[in-house]
Amino acid sequence: MAEMDEPEKKRGRVVELAEKMMVDGLCESSCEWDGRWNHIKKFLERSGPFTHPDFEPSTECLQFLLETCQILVIGAGGLGCELLKDLALSGFRNIDVVDMDTIDVSNLNRQFLFRSKDVGRPKADVAADFINSRIPGCRVVPHFKKIQDLDETFYRQFHIIVCGLDSILARRWMNGMLLSLLVYEDGEVDQTSIIPLVDGGTEGFKGNARVILPGLTACIDCTLELYPPQINFPMCTIATMPRLPEHCIEYVRILQWPKEIPFGDGVALDGDDPEHIQWVFQKSLERAAEFNITGVTYRLTQGVVKRIIPAVASTNAVIAAACTTEVFKLATSAYVPLSNYMVFNDVDGLYTYTFEAERKENCSACSQIPQDLHFSPSSKLQEVLDHLTESASLQMKSPALTATVEGKNKTLYLQSVASIEKRTRPNLSKTLRELGLADGQELVVADVTTPQTTLFRLCFTS
């Protein structure tokens, strides 16, 4: 046993020395040492077979990375932790990170910037503190809030935005925000107003990385069909003959919560609120016991409510590395960026594939023309609403519809405000003609998937 203690003592002394160096000022932003950025200089201060044809090697690119380039990372989870580490070690020093979540014990197996003592703290705060303390000169600024809580002025300050999200809705909102920042002159986008979006996504042993130039290349909404549909269970199964623990949880989420209103009128189920999840968990256990179903756990409850996607650390590492490489290319112009979608799969062996997702001419998000909605004058407003939510190319969540009828702005249906929803609900059973809508009528639709409204044109069919 004595022989085994000596290596432990040596390791302890190494750790103490490292900590002392940190305390003595190694982490100050002014701290540099000879050769620190040699690995980056090899790419920026000499040409090579893969450099961009127009690239001219210089020392200015590195200075831009170290001193000027502003990067925003959305998400500080499994992918976000890897992104922050990779970006900081690649010379990016001015980084902001946005995340609305707090650290859970289940995160610790793959979100390596966090420790047991951090459970319950905001992910953005802890991730920023960790990177700032370990990588000298790096200045990561955390924002513990939703992306929707930040305005145009905030997003406009960044050169590149990187997404490490597990939410399609959040991706679409971010996509919409960057599209709203574009400036058009004579129908052409002013390229100085473009903020590139590098998006990474993982699910188990599969992942993807993509580069989006808003207004020029395919946006998130152009390729909605590529995203896997949300798993939904038949309502009849949930309500009358549940067979799985997920059925019991969905029953409580969909039917019991709005019926019992456990936390007061108007309080929506929040997957990040432990009290809400605990309530759903207990009710799901009761439901499961009634039908002799086993397997309902707190973690499963949280997964079903939040639609949590399974994560594998190695996949996160690969996709984060790919995204960071693309950020480096865009920031330096030293290499041709990805055009524009890379798929990664290591379920059986290792497989990658790159293709160019094409921009849709009638994309509801990035095209400059209203998208046509083809309906009969006798179609009910409910049918229009169903199309907006169920169409693979739209996939809206809770659309609010307004139109100008007889010179007045008229709210046809609004779901998010209870009093207005109740007042406009009868419109859902009325025909488009009864609502005073005409052929060629413009419908303005607002939805949580985008910060800007979407314009549609109603085209009557015979």
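The following legends describe close-up views of a predicted model.

**Figure 1. The largest nonpolar core and F92.** This core holds 49 residues, and the members that touch the most others are I71, L84, F92 and I95. Helix α12, spanning residues 313-332, gives the most to this core, contributing 7 residues. Around F92, with its neighbours within four places in sequence set aside, the contacts are L65, C69, I71, L87, C138, V327, F328 and A331.

**Figure 2. A second nonpolar core.** Separate from the largest core, a second core is made up of 24 residues. Among them are F158, M174, M177 and L178.

**Figure 3. Helix α11 and its cover.** Helix α11 runs over residues 298-306, and T301, Q302, G303, V304 and V305 within this helix are buried. The elements that cover these buried residues include α9 and α10. After α11 comes R307, which has a positive phi near 55°.

**Figure 4. I261, in the loop between α9 and α10.** Most residues other than glycine have a negative phi, and most peptide bonds are trans. I261 is not a glycine, yet its phi is positive, at about 45°. The loop that holds I261 lies between α9 (245-260) and α10 (274-290). With a relative accessible area of 37%, I261 is partly exposed, because this value falls between the 20% limit for buried residues and the 50% limit for exposed ones.

**Figure 5. S333 and the cis peptide bond, in the loop between α12 and β9.** S333 is located in the loop between α12 and β9. Although S333 is not a glycine, its phi is positive, at about 60°. The relative accessibility of S333 is 46%, so this residue counts as partly exposed. N340 also has its place in the loop between α12 and β9, the strand covering residues 341-345. The peptide bond joining S339 and N340 is cis, with omega at about -15°.

**Figure 6. The second largest pocket.** The space in this pocket amounts to about 460 Å³. Its lining consists of 24 residues, and those nearest the centre of the pocket are Q191, I194, P196, L213 and L330. Helix α12 gives the most to the lining, with 3 residues. By type, the lining divides into 15 nonpolar, 6 polar and 3 charged residues. Helix α12 thus appears in two of these views, as it also gives the most to the largest nonpolar core.

Key. Residues numbered from 1 in each chain as written. Predicted model: local features only at pLDDT ≥ 70, side-chain atom pairs only at ≥ 80, totals over all residues. Heavy atoms only, no water. Core = buried A, V, L, I, M, F, W, Y, C linked by side-chain atoms within 4.5 Å. Buried < 20%, exposed > 50% of the residue type's maximum accessible area, 1.4 Å probe, protein only. Helix = DSSP H or I, 4+ residues; strand = E, 2+ residues; numbered from the N terminus. Contact = heavy atoms within 4.5 Å. 1 Å grid on protein atoms, 1.4 Å probe; cavity = no way out; pocket = protein on both sides within 12 Å on 5 of 7 lines; lining within 4 Å. Points joined across faces, edges and corners; volume = space filled by probe spheres on them. Nonpolar A, V, L, I, M, F, W, Y, C, P; charged D, E, K, R; others polar.
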